[in-house]
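Here is a short briefing to read alongside the sequence and the 3D view. Keep both open as you go through the topics below.

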Amino acid sequence: MASFRAPESKREQFRRYLEKSGVLDSLTSVLVALYEEPDKPDNALDYIKLHLGGLVCAEPTDTEVLQTELADLQQKFNLLMEENKELRNKLLQYEPLPEEGAPQQPEGVV
């Protein structure tokens, strides 16, 4: 005789989905860390957002500093690329490219 099994509720399916994907473990560990925090933060939601997933998110001020640094480095990169282009052009004035098909002589051989 076959046993009748009631269809699984959507709530139970969702719970198993969260458990399987590791969401429940992550939430539990963050909530435990918040519980064990000696000095409770003023905003618990910000604490959870900051520590969820074991990754500490960058503070907005850190983000601004990094964006400024990125812009500075991009500008330096562009200047160096321009300098490189100019130096290559100067080098070509003194050492023209060998003609195509002509064998190249090793340095020091006349």
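**Helix H2 and its neighbours**

Alanine 33 sits in helix H2. Its relative accessible area is 31%, so alanine 33 is classed as partly exposed. Please keep in mind throughout that this is a predicted model. Let's start with helix H2, then step back to the whole chain and its other helices.

- The C-alpha atom of alanine 33 lies 9.4 Å from that of isoleucine 48, with their positions 15 residues apart along the chain.
- Another residue of helix H2, which spans residues 23–36, is leucine 27.
- Leucine 27 has a relative accessibility of 35% and therefore counts as partly exposed.
- Leucine 27 also contributes to a nonpolar surface patch of about 300 Å², together with Val23, Leu31 and Leu52.

**The chain as a whole**

- How many helices and strands does the protein have? It has 4 helices and 0 strands.
- Following the sequence from start to end, the pattern reads α-α-α-α.
- The protein has 110 residues, of which 5% are buried.
- Its exposed area comes to about 10900 Å², and 58% of that area is supplied by carbon and sulfur atoms.

**How far to trust the coordinates**

- The mean pLDDT of the protein is 82, and 74% of the residues reach at least 70.
- Which helix has the highest confidence, and which the lowest? Helix H1 (residues 10–21) is highest at 93, while helix H3 (residues 44–51) is lowest at a mean of 88.
- A general caution for your reading: where pLDDT is low, the predicted coordinates should not be taken in detail.

**Helix H1: length and end**

- Helix H1 has 12 residues, and at 1.5 Å a residue these should span 16 Å; the end C-alpha atoms are 16 Å apart, so expectation and model agree.
- Glycine 22 comes just after H1 and adopts a positive phi of about 90°.

**Salt bridges in helix H1**

- How many salt bridges turn up in a search of the whole structure? The search finds 2.
- In one salt bridge, the side chains of glutamate 12 and arginine 15 come together at 2.5 Å, N to O.
- Glutamate 12 and arginine 15 are about one helical turn apart, because they are separated by 3 residues in helix H1.
- In another salt bridge, the side chain of arginine 15 meets that of glutamate 19 at 2.6 Å, N to O.
- Arginine 15 and glutamate 19 are both in helix H1, 4 residues apart, which is again about one turn of the helix.
- Through shared partners, the salt bridges link Glu12, Arg15 and Glu19 into one network.
- Why does such spacing suit contacts along a helix face? An α-helix has 3.6 residues a turn, so residues three or four places apart point the same way.
- Are the partners buried or exposed? Glutamate 12 is partly exposed at 29% relative accessibility, arginine 15 is partly exposed at 35%, and glutamate 19 is partly exposed with a relative accessible area of 45%.

**Tyrosine 47 in helix H3**

- Tyrosine 47 belongs to helix H3.
- Is tyrosine 47 buried or exposed? Its relative accessibility is 10%, so tyrosine 47 counts as buried, the cut-off for that class being under 20%.
- The C-alpha atoms of tyrosine 47 and leucine 34 are 7.6 Å apart, although 13 residues separate the two along the chain.

**The annotated region**

- In its unreviewed entry, UniProt lists residues 63–90 as a "coiled-coil region".
- In the model, residues 63–90 are 100% helix and 0% strand, and the end C-alpha atoms of this span lie 40 Å apart.

Notes: Residues are numbered from 1 along each chain as its sequence is written. This is a predicted model: local features need pLDDT of at least 70, side-chain atom pairs count only at pLDDT 80 or more; totals for chains, interfaces and linings use all residues. Side-chain values use heavy atoms; hydrogens and water are left out. pLDDT is the predictor's confidence in each residue, from 0 to 100. Helices (H or I, at least four residues) and strands (E, at least two) are DSSP runs, numbered from the N terminus. Buried means under 20% relative accessible area, exposed over 50%, partly exposed in between (1.4 Å probe, protein chains only). Accessible areas come from the Shrake-Rupley method with a 1.4 Å probe; for residues, only the protein chains shown count as cover. Patches are made of residues with over 30% relative accessible area and no salt bridge: like charges are joined within 9 Å, nonpolar side chains (Val, Leu, Ile, Met, Phe, Trp, Tyr) within 5 Å. A salt bridge is a side-chain nitrogen of Lys or Arg within 4 Å of a carboxyl oxygen of Asp or Glu. UniProt positions are given in the numbering used here, feature names are shortened, and annotations may be inferred rather than shown by experiment. The expected span of a helix is 1.5 Å times one less than its number of residues.
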